[in-house]
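Here is a brisk report on pockets, cavities and a few chosen residues. Please keep the structure open while reading.

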Amino acid sequence: MDKNITGTIRVRDPVHGLIVFGDNGDSHRDETDRIAWNLLNTREFQRLRRIRQLGFCDLVFPGATHSRFAHSVGVYHMARRLAHVIARRAPDAHDRERERVALLAALLHDVGHGPFSHTFEEAAHALGRTKRHEEWSAEIVQEDTDVNRVLGAVDAELPRQIGALLTDEDRKDIYGAIVSSQFDADRLDYIQRDRLMTGVESGHIALDWLFDSLEVGKVTIGRDDPEEAACLYLGPKGVQVAEEYLEARFRLYRMVYMHKTTRAAEKMLEALVKAVVSDSTNSRLIYGEPVLRYLRSENPSLGSYLALDDATVWAAFSTWIDGSISRRVSELARRLRDRALYKCVDISAREERGGNLFRRFRRRLNDSSFGWGEDVLLDDTTVATYKWYDFDDASALNKVLVKTLDDDKEPRDIASVSRVVNALRPESRIQRAYAPESDQAEELERILREAER
């Protein structure tokens, strides 16, 4: 990061090139950039440097070591570009204060992520912890933190407004859609960033063409009391690139996020977290080790959560490996550290549409006599690449809206006009089993063949 003599700050980014803070030719936008830069330098935001964007994905894609920090800076850049489209295409719909709230919310949208990003959150959910990272983000914004002090010094209402937007408590509008929708600043960054850093060749997005195709219009929402709402939509020349954008996200899910090896590590972390919480009885260890202290707390504080990052979890693995808790904890921690991952048996790849192969497999697995069955990890998850929303309320602004003809009265959901998107819409079911050793995976394959009969 460089700072020149005029005070304009420039960040060199591998995805977007030069990201400039300031020098907008507009004092209000320059002030928003100044606030954003101050937020970047808070203790809570700097923590994102120590959290990898893709969790365990670097176990498969060695280049995927980029951080939530880099991603968040990119999201802010994308949010500014979307906001500029609104200001340029529809000056009457432009709200400077609402724009500021949305831009800062976009920057802070991931400040509440835990170690290994979504992976740790899923593992915590397995313990009954239902607090999502969006809620932690809102708490960081609104409680006694450096982030809160930066925002409060500008406007005492700003933390509450941003917190409401981060948790979707605010009514969706065109600016809220910049922060969270199926065509938001978050996705516009991570689809490009994750593709670049993993080395995935498919899924290129013509970003400049996409932005050039963006328009601002009106869409009718509401069933009982219909009203027009301002929205971003893609004109006719942007429909194909919008399809490419959604297909790129689909490819990333199939090839990267749900890769069988990545998911093996994630399920192992979930099993490890369960085991370490149920097995740990050493009060001295719990008191001195931040990960256990957080996991064993019934109502963990914000401070205990912010003490966690990827480094603290890796350090905890080293502590747990020495056998001070239990053999299972020690073994799982060692395997994750050394990348000695469980072997995968993919059940959904052999499932017929509407079948119940996974259920039959589980029944046979439960009836089997071998003694290592408790080590088998099961993965049953659903992936929806494009979600369906109706037009009954403001959630319709979550859609990717398009006009296929310039004289169309209103933009429509891309799923209603695109065969490509309709092919992507159905939910994908991923059902797998993981075993510690190759011979055990072979035994699972045998059970699966029996279940297929």
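## The largest pocket

This is a predicted model. Its largest pocket has a volume of about 1500 Å³. The lining is made up of 46 residues. Nearest the centre of the pocket lie His-118, His-133, Glu-134, Arg-249 and Tyr-253.

Several helices and one strand each give at least two residues to this lining: α3 (68–89), α5 (118–125), α6 (133–142), α8 (158–166), α10 (185–198), α12 (239–257), α13 (260–279) and β7 (377–383). The largest share comes from α5, with 5 residues. By class, the lining of the largest pocket holds 13 nonpolar, 17 polar and 16 charged residues.

## The second largest pocket

The second largest pocket has a volume of about 630 Å³. It is lined by 26 residues, and Ser-348, Glu-427, Ser-428, Arg-429 and Ile-430 are the closest to its centre.

Which elements each supply at least two residues of this lining? They are α12, α19 (357–367), α20 (419–424) and β10 (428–435). The largest share, 5 residues, belongs to β10. The lining of the second largest pocket divides into 10 nonpolar, 6 polar and 10 charged residues. Helix α12 thus appears in the lists for the largest pocket and for the second largest pocket.

## Enclosed cavities

Searching the whole structure gives 3 cavities of 30 Å³ or more. The largest cavity holds about 140 Å³ of space. Its lining has 14 residues, with Ala-177, Phe-183, Leu-232, Leu-397 and Lys-399 closest to the centre. Two or more lining residues come from α9 (174–179) and from β5 (227–234). Strand β5 gives the largest share, 4 residues. The lining of the largest cavity counts 12 nonpolar residues, 1 polar and 1 charged.

The second largest cavity holds about 50 Å³. Asn-24, Arg-29, Thr-32, Asp-33, Arg-80, His-84, Glu-99 and Leu-103 line this space. Helices α1 (27–40), α3 and α4 (96–108) each supply at least two of these residues. The most come from α1, with 3. Here the classes are 1 nonpolar, 3 polar and 4 charged.

## Tyr-389

Tyr-389 sits in the loop between β7 and β8 (401–402). Is Tyr-389 buried or partly exposed? Tyr-389 is partly exposed, because its relative accessible area is 21% and buried means under 20%.

Leaving aside neighbours within four places in sequence, Tyr-389 contacts Gln-182, Ser-395, Asn-398, Lys-399 and Asp-413. One of these, Lys-399, is also among the residues closest to the centre of the largest cavity. Asp-413 is 24 residues from Tyr-389 in sequence. In space, their C-alpha atoms are 8.8 Å apart.

## Asp-146

Asp-146 belongs to helix α7 (residues 146–154). Its relative accessible area is 26%, so Asp-146 is partly exposed. Not counting residues up to four places away in sequence, Asp-146 touches Thr-42, Arg-43 and Glu-44. Asp-146 and Ser-180 are 34 residues apart in sequence, and 24 Å separate their C-alpha atoms.

## Cysteines

The structure holds 0 disulfides. A disulfide is a covalent bond that joins the sulfur atoms of two cysteines. Why does Cys-344 not bond with Cys-57? The sulfur of Cys-57 is the closest cysteine sulfur to that of Cys-344, but it is 15 Å away, too far for a bond.

Accessibility is also given for two cysteines. Cys-344 is partly exposed, at 23% relative accessibility. Cys-231 counts as buried, because its relative accessibility is 2%.

Technical notes:
Residues numbered from 1 in each chain as written. Predicted model: local features only at pLDDT ≥ 70, side-chain atom pairs only at ≥ 80, totals over all residues. Heavy atoms only, no water. Buried < 20%, exposed > 50% of the residue type's maximum accessible area, 1.4 Å probe, protein only. Contact = heavy atoms within 4.5 Å. 1 Å grid on protein atoms, 1.4 Å probe; cavity = no way out; pocket = protein on both sides within 12 Å on 5 of 7 lines; lining within 4 Å. Points joined across faces, edges and corners; volume = space filled by probe spheres on them. Nonpolar A, V, L, I, M, F, W, Y, C, P; charged D, E, K, R; others polar. Disulfide = S-S within 2.5 Å.
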